[in-house]
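Trainee: Could you take me through one part of this model closely? I would like to see how two helices can sit against each other.

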Amino acid sequence: MSEFPNDGAFASLPLTPELLANLDSLGYRAMTPVQARSLPLILAGRDVIAQAKTGSGKTAAFGLGLLSRLVVTHFRVQTLVLCPTRELADQVAGEIRRLARTLANVKVLTLCGGAPLGPQLASLAHGAHIVVGTPGRVEEHLRKGTLDLSSLETLVLDEADRMLGMGFQAAMEAIVAETPVDRQTLLFSATFSDEIRRIAGGLMRDPAEVAVVEAH
Ligand code: ADP
Ligand code: MG
């Protein structure tokens, strides 16, 4: 995209000085290929479907996008990240907290199956800006009325291939139905399939597609 000249440096992107300083302190010296290809689109507000292998920095790609949109003074759930497993949700929440550590008071909450409901209900009552969770448990909170997604700005479907493989399609669709239609939707996956493209077509608005293929 021409709006943001891209030379591989995070500083070429319209990120706040706080985020840039934090990336430096985290030792993130340059964008990974999937970050360089997807971040300009994400920061421009596009829906993006991105494929890159495991370990290529997909979390920071969507994490920097959602943190750039976040209004901390608006204490409502503005971002939901759906992950296939509790372990992956914990990793994503940890990476978002690291990326956000120089921003004041960003509240990240995980809502995963296999964890007791009581503490989740207490945390939800206190409020959060960003929820990271597994589809089954997030859908359960929506059914109970304990999670409100009416102020959602960004929906991230992380490891979408695995979520579909685990039978989460119905839960994902039920969750999407509870979010505003004008949200930004980002889909990340290690693999693309026709099924993912079909589902993305139903959930996303004119998504830009980014695929980072390894040269061997
Ligand atoms: P993926 O989701 O693609 O499997 P992750 O988001 O988990 O990959 O990132 C893999 C590792 O790379 C993490 O430890 C993360 O902190 C690190 N990382 C991400 N982006 C950068 C970067 N630009 N520079 C250095 N390390 C990075
Ligand atoms: Mg990942």
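Mentor: Start with the verdict: α6 and α8 are oblique to each other, because their packing angle of about 40 degrees falls outside the ranges for roughly parallel, roughly antiparallel and roughly perpendicular. Keep in mind that this is a predicted model. Two packed helices are described by the angle between their axes and by the distance between those axes. You have the angle already. The axes of helix α6 (residues 135–144) and helix α8 (residues 169–176) lie 9 Å apart. The crossing has a hand too: α6 passes α8 in a left-handed way.

Now find the residues that touch. From α6, the contact takes P135, G136, V138, E139 and L142. From α8, A171, M172, A174 and I175 take part. Sort them by class. Seven residues of this contact between α6 and α8 are nonpolar, one is polar and one is charged.

Next, compare the surroundings of ligand 1. The shell there has 13 residues, and Y28, T54, G57, K58 and T59 come nearest. By class, the shell holds four nonpolar, seven polar and two charged residues. Which helix gives the largest share of the shell? Helix α3 (residues 58–69) does, with three residues.

One more stretch is worth marking. An unreviewed UniProt entry lists residues 8–36 as a short sequence motif, the Q motif. In the model, the end C-alpha atoms of residues 8–36 lie 6 Å apart. This span is 45% helix and 0% strand.

Notes. Residues are numbered from 1 along each chain as its sequence is written. Chains are lettered from A and ligands numbered from 1 in the order in which they are written. This is a predicted model: local features need pLDDT of at least 70, side-chain atom pairs count only at pLDDT 80 or more; totals for chains, interfaces and linings use all residues. UniProt positions are given in the numbering used here, feature names are shortened, and annotations may be inferred rather than shown by experiment. Helices (H or I, at least four residues) and strands (E, at least two) are DSSP runs, numbered from the N terminus. A residue is near a molecule or strand if its C-beta atom, placed from the backbone, lies within 6 Å of it. Ala, Val, Leu, Ile, Met, Phe, Trp, Tyr, Cys and Pro count as nonpolar, Asp, Glu, Lys and Arg as charged, and the others, Gly among them, as polar. Axes are lines fitted to C-alpha atoms, for helices over the stretch in contact, and angles run from 0 to 180 degrees between N-to-C directions. Angles under 35 degrees count as roughly parallel, over 145 as roughly antiparallel, 65 to 115 as roughly perpendicular and the rest as oblique. A crossing is left-handed if the near helix is turned anticlockwise from the far one by less than a right angle, and right-handed if clockwise. Two residues are in contact if their C-beta atoms, placed from the backbone, lie within 7 Å.
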